[in-house]
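Please open the structure in your viewer and keep the selection panel at hand, as this tour moves from one selection to the next.

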Amino acid sequence: MNRKLTHVYLMPGMAANPTIFEHIKLPEEDYKIHWLEWQIPDINETLNAYAQRMCQFIEHNNIVLLGVSFGGILVQEMSKYISVKKLIVVSSVKSHHELPKRLKLLKVTKAYKILPTSLVSNIDLLAKYAFGETVKKRVDLYKKYLSVSDKTYLDWAIKQVVCWSQEEPHPEAVYIHGDNDAVFPHSCGGNCIVVKGGTHIMVISKYKWFNENLPKLIEA
């Protein structure tokens, strides 16, 4: 008798391509992993409209939907339009209340409209936007993972993060956050699984934790 596969869709963070998930491995007899990729948005596209558009890439029912960082915000929106077996949000925020002060200030002042996103061909600057840290000695690594540098996309994505309006955590989501996350430092409270030593890129640096724990979380 064939065991029924659970389809697991993975959404990367801002500016990142899905190779950030290259080390995420789940038992192949039970799970099939699918990588989702950022699409270039229309300049005035709402996050709701974009989430509905991204749902077109979901080809199965009762899926697991996992998103990292801004991808974690996106999957929370996508889950409003499709049925999911499990919603998993990694290195992200549960509501706009957890956004750091600098991002809240960007919203109040509308300064997100004048950020120098045209300069993101500079990989170090793109790493600061996406991962919250400078490249240091990992230039080649970041060039590999950070490939979505389209200005329209980045302007749009930063606005969506800054202006996200979710008031309360998603009641059925599994939130996973690192206690050393410099991008979203206020997200370890409440109903959250805290990964010791986890940074904003822990899906890369702590992939063994995810490989060990995701099956248990999915089936819980």
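Does Cys188 count as buried, partly exposed or exposed? Keep in mind, as you select this residue, that the model is predicted. Cys188 counts as partly exposed, because its relative accessibility is 26%, a value that lies between the 20% and 50% cut-offs.

Stay with Cys188 and add Cys192 to the selection, since the sulfur of Cys192 is the cysteine sulfur closest to that of Cys188. The two sulfurs are 5.4 Å apart, which is too far for a bond, because a disulfide requires cysteine sulfur atoms within 2.5 Å. A disulfide is a covalent bond that links the sulfur atoms of two cysteines. By the distance rule, the count of disulfides in this model comes to zero. Now select Cys163, which counts as partly exposed because its relative accessibility is 27%.

Next, select strand E1, which covers residues 6-11. Six of its six residues are buried, so E1 is largely enclosed by the rest of the structure. Turn the view to compare the two faces of E1, both of which are covered: Thr6, Val8 and Leu10 are buried on one side, while His7, Tyr9 and Met11 are buried on the other.

With E1 still selected, add strand E2, residues 31-35, which runs parallel to E1 and is joined to it by five bridges. Within this pairing, look for Tyr9, whose bridge partner in E2 is His34. Finally, add strand E3, residues 63-68, which also runs parallel to E1 and is joined to it by four bridges; here Val8 stands opposite Val64 of E3.

Notes. Residues are numbered from 1 along each chain as its sequence is written. This is a predicted model: local features need pLDDT of at least 70, side-chain atom pairs count only at pLDDT 80 or more; totals for chains, interfaces and linings use all residues. Side-chain values use heavy atoms; hydrogens and water are left out. Buried means under 20% relative accessible area, exposed over 50%, partly exposed in between (1.4 Å probe, protein chains only). Two strands pair if DSSP finds at least two bridges between them.
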